[in-house]
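User: I am new to reading protein structures and would like to go through one feature by feature. Please give the general idea each time, then the case here.

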Amino acid sequence: MSRPVASYLAPAASGPVGVDLPVPGRALAIGAHPDDIDFGCGGTLAKWAAGGCAVTELVLTDGSKGTWDPEADRDRLVALRQQEQRAAAAALGATDVVFLGHTDGELGSGLAEREEVCRVIRQARPDVVLGHDPWKRYRLHPDHRHAGFLAVEGIVAARDPHFFPGQGLAPHRPSALLLWEADEVDHLEDIEAFLPAKLAALFAHRSQWESTMGIADDPGAEEAAFETRVRERAAEAGAVAGLALAEAFKRIDRL
Ligand SMILES: [Zn+2]
């Protein structure tokens with residue numbers, strides 16, 4: 001049967017690109033659902049963690065719609081997806097995972113959610129934030145759009161002492177924001193040595209093998225096919241800068 005094409009099939013760069021930020025001291029990746037961070041920037045996080053970066057992952061929703069089984073037990077699925085995300089984070093070498101637990105499919109990007117993200121940014125104090133590109137055209141899933149805006153607007157709030165002063169936390173201004181699924185790619189991270197870590201993180205999401213990765217009827221062959229698709233996508237992303245394997249981003253560094 002045909003299976004959905006997931007978000008790892010993003011467009012490659014069409015113009016000049018920068019390559020490789022210096023390894024940051026601290027990084028914060030913000031994803032809508034369990035597995036989004038691994039698809040979007042898993043190789044980059046693994047590389048930075050190996051270089052001594054303290055990596056925090058922030059997952060905004062509970063992933064409770066991540067199944068094709070209409071009879072699935074919601075609470076069990078939520079607990080399973082947290083467990084899978086922690087295993088995926090460990091595969092990348094991330095040090096911390098924070099779950100905000102908003103209902104999957106119902107994420108908003110209002111002031112209440114912005115304050116939550118601002119709080120995590122002020123606590124984690126990342127040099128680099130990574131997230132979904134909220135300006136990606138023709139994107140259907142509202143959680144991805146809202147998660148992107150929360151990363152952007154969470155930074156704006158976190159850097160300014162007059163936003164949410166009741167938090168009692170010092171303001172914090174990151175030095176760069178990298179957006180995956182970018183509408184306009186202008187930055188690549190070389191992940192040639194870290195594709196195995198990215199794949200290990202993705203495969204940790206066992207509950208998503210069927211619905212997201214197309215692994216169900218013939219696991220051996222379908223796992224290999226999924227791995228090939230991820231590798232081909234990374235090769236395509238890297239080709240514009242002569243890199244064997246890369247992850248592609250929009251980089252914003254005037255924060
Ligand atoms: Zn997602």
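User: Let me start with the strands. In which sense do β2 and strand β3 pair, and over how many bridges?

Analyst: A word on the source first: this is a predicted model. β2 and β3 (residues 54-61) pair in the parallel sense, over six bridges. One bridge can be followed residue by residue: arginine 26 has alanine 54 in β3 as its bridge partner.

User: What does β2 pair with besides β3, and over how many bridges?

Analyst: β2 also pairs with β5, in the parallel sense, over four bridges. Here alanine 29 stands opposite leucine 130 in β5. β5 in turn pairs with β6, again parallel, over five bridges, and in that pairing glycine 131 stands opposite leucine 179 in β6.

User: How many strands does the sheet have, and in what order?

Analyst: To read a sheet, list the strands by who sits beside whom. In this model an open sheet of eight strands runs in the order β1-β7-β8-β6-β5-β2-β3-β4, and the pairing is mixed.

User: Which are the edge strands?

Analyst: The edge strands are β1 (18-19) and β4 (96-102), each of which pairs on one side only. β1 is joined to β7 by two bridges, and these strands run parallel. Valine 19 stands opposite leucine 188 in β7.

User: Is β2 largely enclosed or open, and why?

Analyst: Burial is read from relative accessible area, with under 20% counted as buried. Five of the six residues of β2 are buried, so the strand is largely enclosed by the rest of the structure. Strand β5 (residues 128-132) is mostly covered, with five of its five residues buried.

User: What about a single residue: is leucine 178 buried or exposed?

Analyst: Leucine 178 lies in strand β6 and is buried, at a relative accessible area of 0%. Sequence distance and distance in space are separate readings. Leucine 178 and valine 129 are 49 residues apart in sequence, yet their C-alpha atoms are 6.3 Å apart. Proline 142, in helix α4 (residues 142-159), gives another case: its C-alpha is 9.5 Å from that of alanine 32, with their positions 110 residues apart along the chain. At 30% relative accessibility, proline 142 counts as partly exposed.

User: How many aromatic pairs are there?

Analyst: For ring pairs, look at the distance between the centres and the angle between the planes. The count comes to five aromatic pairs. Take phenylalanine 203 and tryptophan 209: their ring centres are 5.8 Å apart and their planes stand at 70°, so this pair is edge-to-face. The cut-off for that class is over 60 degrees. Both of these residues are buried.

Phenylalanine 203 also forms an edge-to-face pair with phenylalanine 226, at 5.6 Å centre to centre and 65° between the planes. This pair links distant parts of the chain: phenylalanine 203 is in helix α5 (residues 195-203) and phenylalanine 226 in helix α6 (residues 219-239), 23 residues apart. Phenylalanine 203 has a relative accessible area of 17% and is therefore buried, and phenylalanine 226 is buried at 0%.

User: Which residues form the aromatic cluster with Phe203?

Analyst: Phe39, Phe203, Trp209 and Phe226 form one aromatic cluster. A charge can also meet a ring. The charged end of arginine 206 sits over the ring of tryptophan 209, 4.0 Å from its centre.

User: Which residue other than glycine has a phi near 95°?

Analyst: Phi is a backbone angle, and its sign is the thing to check. Aspartate 35 has a positive phi, near 95°. This aspartate is in the loop between β2 (26-31) and α1 (36-50), and at 5% relative accessibility aspartate 35 is buried. Glutamate 181, also not a glycine, has a positive phi of about 55°. It is found in the loop between β6 (176-180) and β7 (187-190) and is buried, at 8%.

User: Last, pockets. What lines the second largest pocket?

Analyst: Rolling a probe the size of a water molecule over the atoms shows where empty space is left. The second largest pocket has a volume of about 170 Å³. Its lining is Gly66, Thr67, Ala72, Asp73, Arg76, Leu77, Leu80 and Ser207. By class, that is three nonpolar, three polar and two charged residues.

Note on methods: Residues numbered from 1 in each chain as written. Predicted model: local features only at pLDDT ≥ 70, side-chain atom pairs only at ≥ 80, totals over all residues. Heavy atoms only, no water. 1 Å grid on protein atoms, 1.4 Å probe; cavity = no way out; pocket = protein on both sides within 12 Å on 5 of 7 lines; lining within 4 Å. Points joined across faces, edges and corners; volume = space filled by probe spheres on them. Nonpolar A, V, L, I, M, F, W, Y, C, P; charged D, E, K, R; others polar. Phe/Tyr/Trp six-rings, centres within 6.5 Å; stacked < 30°, edge-to-face > 60°. Buried < 20%, exposed > 50% of the residue type's maximum accessible area, 1.4 Å probe, protein only. Lys NZ or Arg CZ within 6 Å of the ring centre and 35° of its normal. Pairing = 2+ DSSP bridges.
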